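Student: Before we discuss the labels attached to this model, could you show it to me, so that each term can be tested against its cut-off?

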Amino acid sequence: MSRAGEARIDGVAVAVEPGDSILAAARRAGFAIPTLCHGDGLHSEGGCRVCLVEVVGARRPLAACCSEIAPGMVVTTTSDRLHVLRRGILELIANAPGLDGARLASADTVFARLLAAHDVAPRTADRAAAAVASHHPYLRFDPSLCVACRRCDHACAEIQGNFVFSFGGRGAATHLLIGAAQDFSASPCVACGACVDHCPSGALSDVDRLAPRPGESRRTSSVCGYCGVGCRVEVETHEDRVLAIRGVEDAAVNRGHLCAKGRYAHAWQRSGERLTRPLRRVGADFAEISWEEALAFAADRLAAIHAAHGGGAIGVLTSSRSTNEAAYLLARLFRTRFATNNVDCCARVCHSSTALALERTTGTGAATTSYGDIEVARSIVIAGANPTEAHPVLGARILEARLRGARLMVIDPRRIELAGFADVHVPLRPGSNVAFFNAVARRLIASGAHGAIDRAYLAARVEGFAAFAAFVASQDEDALLASAGIDRETLDRAAGFLAAGPALFVHGLGLSELEQGVASVESLVNLGLLTGSIGRAGAGMMPLRGQNNVQGNADMGAMPNRITGYQRLDDPRARERCRREWGEAPPIAPGLTVPAMLEAAADGDLRALWIQGEDPAQSDPCESRVVAGLEALELLVVQEMFLTETAKRAHLVLPAASVFEQDGTFTNAERRIQRVRAAVAPPGEARPDWRVARDLGIALGRPVHESALDPAAIFDEIARLAPESFGGVSYGRLDANRDGLQWPCADARDPGTSRVHESGFVRGKARLTCVAYRDSSEHGIDGYPYLLVTGRELHHYNVGSMTRRTAQNALAGGDRLELAPDDAAREGIASGDRVVLESGHGAIEVEVRITPRIAPGTLFLTFHDPATHANRVVTPALDPESNCPQYKATAARLGSPPKN
Amino acid sequence: LVAPAADTLGERLETRSSPAMKRLERQSAGARHQDEGKAATMQHEDVTVSAYRHARGASGSPLTALAAFAAATAGRSVGAGEIEAFAAELDLPAAAVRGALSFYSDASASAADARRVCEGLSCRIAGAVPAREIANARGVHCLGFCDRSPAVLDARGDVHVGDEARRIVAAPGPPSAAKAVDPPPPPAITSLASRAIVTRRIARGDFSDLGTARADGAYSQLERALRRPPSFVLDEVERSGERGRGGAAFATAVKWRACARAATPDVRYVVANGDEGDPGSYVDRLLLELDPHGVLEGLALAAYASEASGGIVFIRSEYPRAFQVMRRAVVAARAAGVLGPSVLGSSFAFDVEVFPGMGSYVCGEETALLNAIEGRRGEVRLKPPYPATHGLYGRPTVVNNVETLVDVPAILELGADAYRRLGTTDCPGTKALSLNHGFARPGIVEIEFGTRLEEVVAAAGEGPDGAPIEALVLGGPMGCVLPRSRFVARLVYGRESAPDVVLGHGGIIALPRDVDAAALFDSALTFFRDESCGKCVPCKLGARELAARFRKDAASATSPGFSALLEVIEAGSLCAFGSEMPRPLRQWLQLFAPRISRREPE
């Protein structure tokens, strides 16, 4: 007899957990029940019936995948009868019309193994099989191998939130449908590949897979090198080639899922354009030199400039694309050897406003939540972010949460994909966040409705409520709405949305990259506090980080006013730690930010700049100023994989190892530190960034014993330097816990922190900020009727140096200027026309795409192609506190290109 | 349609005390009062195209638009651009539109094939010419005129029966040539029960007019119930022991109670299942045409008891007249304040939409029917979750057969105690049987549960010439084939029914002495092959394999391989369409093996 709470499977007592299927319980107990249409983590289809089991008391066998196990149940998973049934079912499938039985049986697939295990040999191949659909760069469908199990359909809907597939006909003729015309290219497919991973019969396959002979390939567990989501990947390699990339099934971040870029866009790794030897400028050209020569040249020039002009004349940008260890070591070197705090990274030009605002209001300048809160959230607000394109795997998780019933509000000038799924879309004028958020705060406080604001939370955990309430009460709602370009009904709906309770605020560069960047985030935090969201499950602030390790770069101290772990330069305890670990402490006075360094370079005050894998010449605003700064330098050293626009202007270019070619750690947007592992050797003489930093240090006089430093030892030093944040992080723990650790993680027993401020704010009480909206220097300029926003699209990544060297080009063409239909009609512009886009800072010629996604009066432009020169047009305006540039609002006008 | 799809131990063991159902009831009862209700429902949440539409802010059903698109594009190829534009308009993915349209017979039929020729069992026996031999026609499984077979539905929506039907299909020329005709008169409607319940109104004529119906007492029980709490209706129906008349015989009040307790606050639905697909039964057609207000009153009472506010009547496209009559009845009821924000002046808000089917037998199964209303492919869903908690658009939904709903006002009028005195203890009440033209007196016969089949056959006067009927088909294609020796069997749902006897929805087709059993066996196989929804392998591929083998070699029907395949289909199929398919096939073979296996191959 079974005890209560137990069932028996093949005579063995197993514990019953509520909601478990027979299949799940059996698998936990070690029984293998064959399955075909069942996909782990997917809703049961229950159609193939291969997983039939016998249950005492049931009139007929039950499908184990979709039958709930109950206490007292007696289950048989293996019997002659079941074998005959399963065999009969498999015979029906294998001999179904239109299928190529011979190929189905001989492939290396789940289905072929099922056939073999049940002694099923398909009778014939059906020669009338339909043509293979292969108009897509990555995906292929072979109908003669499709058993219509529908796992692809479930995967598409339940992982990507997409509906590319359906089924046509009925009965035996039921067959897979793809989009409107059996063609992935002409469907909503985003090429995430989830369907391929789930296909059990080889009908859906990857076009790009280079087939290795079994046993010859190697698999390396690592982290994706594209955006800041931080998906765990398994990199399959053969010798020095990346063959294929897969998502790691059990990864906390991505659960096996990837986007097109992460999964397929790796051909750049073997591009012939990779840099393989150090290059030294000789006149207008470059000459290849040895590493010894290169390091000696760099060390000599830096030492000479330091000797002549002091540390203030030297600056360094660490790379948000590279590892924590690389960033840390390079920042340490410049802070100690040259006594300069001119240390920064590209976080400056993305989330510096966010970090500053979150630190000021809550005490910690990073996400207060984890991705896991997405599935718990009842309400999600997306503000100034476009996750389904810029952070696709996270975007899919948000879309899934919405499809499963979460409420959604999107605040964005563009009708981004998620806006189509939103309860409320607020298409505010670019740059007007503060006006709109203040208007919402005013409404929430003024509302008499019970629970519109969380008064208990405010009383216990927040300071400054009375002053804030008075401040917003003094604001003129009509003026706020006019500034934001929003009508009263939309405000009503937005306020109503937030009055329903705590929300998860997913925010991005549409807040941060403005003159009022810090104020935008502070005023969003105000809403987070009024609704009692921060520190709660399924709620809080979740800034999405743009680059794979931009969070880590800031964490490592790649900031002119902070050292590792956000420790202040004037903190005596931190200085003592520096002296202990580094031998000396950096200057107390903060250094220059990226824009300030470029300005100082143009002015002749900054003479040497070391850039570790960044391309400000293409990516930073107001190209003419950036280039003027770079070209005025006495010494520009660039570590790069390709000869980028910035590298072309360098005096010394050092060939860099890619994400597939070096060891270290990345930290994602939820503060999760994960291990990156070399899967192949770098091409030619390219070197890992951390090693270059170490060897440069030795060339500059650091102790020779440092040549023993490796990434693990570097991280140990990081942990000692910033124990409150990273004291408990070590490679031993990161290797054992494959999902890594989320900082703060203070000691070896600390499991890390998924949700900050849960038991109390780091700064004591959180702060409400009274900040009024003001127009930026780009608003209301006569003769410039548009506000230009720049940003990313799905299939390319930043400056495009990687994605433009892959088949992504077949999925997305060059940069296009998006224009609203009404504006296009008024200007007499058609889709595909070339126009001159002009601001007060520069002009470019660009092709137009007319789309209702964009609000009238707004323009949107991607910046993925250097030929576009998008940043020639973008304003040099900055947030005065964070120095984050205003990419998200530049006054612009359109003209006709000159006739030739 | 017979028993609903069920893939749980609970429902298989014993329908009435299903532990899975009880567990759900308990969960939902608790969850209703908790803020975390959403978490409890999420575990079953399937991410469907309906979730996609809902998240995009689309409301209502796309079914009517799909049906209109299908009609507008019938008989020509539809380009990808056209599909995409239409899909965008409906907020549906393009593939989902293609998938739904290709599922339904009506949508894939050519516009030229506007005439629908009944190829149901009764019409086949009457010697109906198959559609493939007729110009501008397509076959359908039943038009519900089995008392006057054969039957043809013309392009105008008019039905022709008997010799007129034969004449029309023989005449050449375009389908529009058919002149408007009066509908065939209703069949004889009689009762063997001590009291007529479901036929109480239709036996006396046409009550489709609201005034006529109200003069006969329609909506008086609703009016009375609205003065009492919903629990009054629920308790009364529970005590009556009423079971679903569609064939599954599930306890009506259990569904209602589960729906009323389910933890979704925004809306609950009740659906009248007017997808009477079983070839051979036609009582639902008559109820919809002659007593639509009886259906609506039952539906409103079901809604009141289940705390639902949305009502739907789903009517198969083979019943165009029933559809028109019901639409008019709803408009009239709404205009009279019987439906709407204040039903009969009460605080109860309830309104009804009428939706057309698009040609699929399986849509009579409740979850397939819900998918059809959502504009999806009419395939069965896995259960649990049951519609009572996760039904239309994932909302708690009660699906009741038309006949069940017409019973409900009568139960309230009589009172549960009096009602229970009809029928048997385990299965109280009455059931309408549909007798085909193979009887001397065809038509509807209402009986009390427990009545012996032989009493019905005797009352109908045996065969047309009075000669004894030797065999008949009872309960539709998933029902049973019974020889005269089994006419002693009692007609009843549940444990009192003999294992070889399936009452189903109560259709009875007498088999003539010289019946071409091989042709009927073949047509049964064709029916199973063509109507399998395609959701599960044993049914969709097994039915095709059976038909293919039999066509190739009739002798294979008696082979061990055929029998083994029947076992795979019976044991392996997901829903009752598959699991109930083998029994009647075996019974055909038992009775007529020599005739069936000697058939010449095609």
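Tutor: What follows takes several terms in turn, and the model is a predicted one.

Student: Why is the pair of Tyr138(A) and Tyr264(A) called stacked?

Tutor: A search of the whole structure finds 29 aromatic pairs over all chains. In one of them, Tyr138(A) and Tyr264(A) have ring centres 4.4 Å apart and planes at 5 degrees; since pairing asks for centres within 6.5 Å and stacking for planes under 30 degrees apart, the term stacked applies. The pair links distant parts of the chain, with Tyr138(A) in the loop between helix H4 (110–117) and strand S6 (139–141) of chain A, and Tyr264(A) in helix H7 (residues 260–264) of chain A, 126 residues apart. Both Tyr138(A) and Tyr264(A) are buried.

Student: What makes the pair of Phe528(B) and Phe577(B) edge-to-face?

Tutor: The planes of Phe528(B) and Phe577(B) stand at 85 degrees, with 5.9 Å centre to centre, and because planes over 60 degrees apart count as edge-to-face, the label follows. Phe528(B) belongs to helix H22 (residues 517–531) of chain B and Phe577(B) to helix H25 (residues 576–579) of chain B, so the pair ties together parts 49 residues apart in sequence.

Student: How do you know whether Phe528(B) is buried or exposed, and what of Phe577(B)?

Tutor: The relative accessible area of Phe528(B) is 2% and that of Phe577(B) is 3%; buried means under 20%, so the word fits each value.

Student: What makes you say that Arg228(B) lies over the face of Phe232(B)?

Tutor: Arg228(B) is 4.2 Å from the ring centre of Phe232(B), and the distance part of the criterion asks for CZ of Arg within 6 Å. Arg316(B) likewise lies over the face of Tyr319(B), at 4.8 Å from the ring centre.

Student: Why are strands S10 and S12 of chain A said to stand at the edges of their sheet?

Tutor: Three strands form this open sheet, in the order S10-S11-S12 (chain A), with antiparallel pairing. Strand S10 (218–223) and strand S12 (241–247) of chain A each have a single partner strand, so one side of each is left without a neighbour in the sheet. Neighbouring strands of the sheet are turned by 30 degrees against each other on average, direction ignored.

Student: How do you know that S10(A) pairs with strand S11 (residues 232–238) of chain A?

Tutor: Six bridges join S10(A) to S11(A), and because pairing requires at least two bridges, the criterion is met. Across these strands, Arg219(A) stands opposite Glu236(A) in S11(A).

Conventions:
Residues are numbered from 1 along each chain as its sequence is written. Chains are lettered from A and ligands numbered from 1 in the order in which they are written. This is a predicted model: local features need pLDDT of at least 70, side-chain atom pairs count only at pLDDT 80 or more; totals for chains, interfaces and linings use all residues. Side-chain values use heavy atoms; hydrogens and water are left out. Rings of Phe, Tyr and Trp (its six-membered ring) pair if their centres lie within 6.5 Å; planes under 30 degrees apart count as stacked, over 60 as edge-to-face and the rest as tilted. Helices (H or I, at least four residues) and strands (E, at least two) are DSSP runs, numbered from the N terminus. Buried means under 20% relative accessible area, exposed over 50%, partly exposed in between (1.4 Å probe, protein chains only). A charge sits over a ring if NZ of Lys or CZ of Arg is within 6 Å of the ring centre and within 35 degrees of the ring normal. Axes are lines fitted to C-alpha atoms, for helices over the stretch in contact, and angles run from 0 to 180 degrees between N-to-C directions.
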